Amino acid sequence: METKDMMMTSMLTMDKGENEERGPKNLNSGSGQQVSNGFSTSTPQSPREGPGTAACAGGTTSGSGGGTGSSVPLGGLRTLVVQQTSLERPRETWSKKMDFLLSVIGYAVDLGNVWRFPYICYQNGGGAFLLPYMLMAVFGGVPLFYMELALGQFHRSGCISIWKHICPIFKGIGFAICIIALYIAFYYNTIMAWALYYLLSSFRPTLPWSTCTNSWNTANCNRYMSTDLNVSWSNSSKSPAEEFYTRQVLQVHLSPGLHQLGSVSWQLALCLLFIFTIVYFSIWKGVKTSGKVVWVTATFPYLVLLVLLIRGATLPGAWRGVVFYLKPDWEKLLSTAVWIDAAAQIFFSLGPGFGVLLAFASYNPFHNNCYKDALVTSSVNCLTSFLSGFVIFTVLGYMAEMRQQDVDAVAKDAGPSLLFIIYAEAIANMPAATFFAIIFFLMIIMLGLDSTFAGLEGVITAMLDEFPHILAKRREWFVFGLVCVCYLGALSTLTYGGAFVVKLFEEYATGPAVITVVLLEVIAVSWFYGTNRFCNDIQLMLGFYPGWFWRICWVAICPCFLLFIIISFLAFPPEVKLFNYQYPQWTTVLGYCIGVSSFICVPAYMVYHLLNAKGTFKQRLLKSITPVPSSDDHRNFIVTNAV
């Protein structure tokens, strides 16, 4: 963070003929140099170099030269290095590079990787689905991922204030992103509250969703396994795991629908309060603390996935699930729906457009290799999705073997139901069921916590960068207020009909809105800010110019990729249904209103910006699309000459 009020804090004199490099202590890694004629050095420094390193090569230095900017022999001159130090706090940075990588991986790898990818994969041609998935990743997801990391690292700003350096009239994108992040926080953490309820219920010798003798069970409850003899299964029969999920955890039977949600479940309210307490104390101090927490929350799920994969592979019938998961159906590739699902899955899996990547990258050193980071983290994310498919479908194959059914009959449920009903029931029928239940639901909570940390950090960074004088010294209180708002906003999802609200938010509040926002973001960067200017920024940071592949993706392929998803959403609106509840028509209108409520910030700010600018309409328009240079953010030192 820089300010116009600067103070000189140190000076270093170098005598004639000195060749050794000296400089003041590096106060802000990633800073560049500027000579007195205003020319910034274009050669990037290594991350180890201090920003104030001054070298006397060949006894010359670039001086003022009477305003000519020519090289002047030192002779009897001495070079004066003046260090400029901001009166404001220096920008926070990651303690270690690994903190950043784990945070990005933890954000990208979330609950959707565990249930959504395996389900979509087998639904859209099994192994054949991997072809459109990889194509969409290479030409759409990864370029967007790389673009956001580079933007955040160069401009060192959150998703609101960064737009003054790119295209000021699009600043409304930042506010829209913050609103979308709040909507996600309203429902996403509720899924973790469900998982916490399951986790607490797992500390018993007999798991409560494995029997039909509990107070919440009905006469339709039946254990439908090959080990249970004389069990007659009918269309009205329910498994004990399904009744535990719907009647004990969610209690949806007490709500007729969205028009009458019912009371708040105090058990889930306490679970969510505990979740938000963990979230607050993990992010209240910034990336210094959250970067340490992700060492546990981002790595533990991989350990659990490995344990569950080994256990699943040893179960009878596991091979049936794997064959069903990967058996290619090449004819499915002729269907447009498969390509739509592949595009949507890779987009929401990598997660550009939520302000998180901008925020995380803004805490990196200026010359950090974000290109390599983008390739590594996006590859880890895709491989995790693929691995999760084996974890899920080995168990589904086991369930099919035990029920003596086909795998598709067992795996008909999508969404969280796949985890909380089918997988939970499979765990209950394994040896050492209590142990596997504990580690599985602990993994679900950890996967969700990473994404929550990241989503809220995106909002926090954006607001602190936009209003630094008000919020910079009050971060803890601001984070506390934000967490309280998220908790209060989530109360509707904790009611008896809360699962219906979660589904409504999931379908309408985030999907179309965030894709439209990212489309505008790509257009603003590639067409208004300019691809050449953006590539020059990357060259200044990394020392190399992005290749033609990346430039073509940013200018043409990524906008087409996003437009394809948006049109598909509008042409094929989702049929929203949960359990046996068919969402009425008015809920569709409500859903679109929620989605538009965030996106409306973009045109609203454009009108506000043009009305408040000075000059003729043409002058206002030109000023609104002219970026404010941000290179001053990377200059802490000025080299000049003095006799």
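Helix axes are lines fitted to C-alpha atoms over the stretch in contact, and the angle between two of them runs from 0 to 180 degrees between N-to-C directions. In this predicted model, helix 4 (residues 172-201) and helix 5 (residues 240-250) pack at an angle of about 115°, their axes lying 11 Å apart. Helix 4 is therefore roughly perpendicular to helix 5, since angles of 65 to 115 degrees fall in that class. The crossing of helix 4 past helix 5 is right-handed. On the helix 4 side, the residues in contact are Trp-194, Tyr-197, Tyr-198 and Ser-201; their partners in helix 5 are Ala-241, Phe-244, Tyr-245, Gln-248, Val-249 and Leu-250.

A second topic is the annotated site. An unreviewed UniProt entry lists Gly-106, Ala-108, Val-109, Asn-113, Ser-349, Asn-381, Leu-447, Asp-450 and Ser-451 under "binding site". These residues span 346 residues in sequence, yet no two of their C-alpha atoms are more than 13.5 Å apart, so they gather at one spot.

Two serines of this list are set out below.

| Residue | Helix | Relative accessible area |
|---|---|---|
| Ser-349 | helix 10 (residues 336-350) | 5%, buried |
| Ser-451 | helix 15 (residues 433-466) | 12%, buried |

Both values count as buried because the class covers anything under 20% relative accessible area. Leaving aside residues up to four places away in sequence, Ser-349 touches Ala-108, Asn-113, Asn-381 and Ser-385. With neighbours within four places likewise set aside, Ser-451 is in contact with Gly-106, Tyr-107, Val-109, Asp-110 and Tyr-188. With Tyr-107 there is also a polar approach: the Ser-451 side chain reaches the backbone oxygen of Tyr-107 at 3.3 Å.

Technical notes
Residues numbered from 1 in each chain as written. Predicted model: local features only at pLDDT ≥ 70, side-chain atom pairs only at ≥ 80, totals over all residues. Heavy atoms only, no water. UniProt positions renumbered as here; feature names shortened; annotations may be inferred. Helix = DSSP H or I, 4+ residues; strand = E, 2+ residues; numbered from the N terminus. Buried < 20%, exposed > 50% of the residue type's maximum accessible area, 1.4 Å probe, protein only. Contact = heavy atoms within 4.5 Å. Polar contact = N/O pair within 3.5 Å; in protein donor to acceptor, adjacent residues only side chain to side chain. Parallel < 35°, antiparallel > 145°, perpendicular 65-115°, else oblique. Left-handed = near helix turned anticlockwise from the far one by under 90°.
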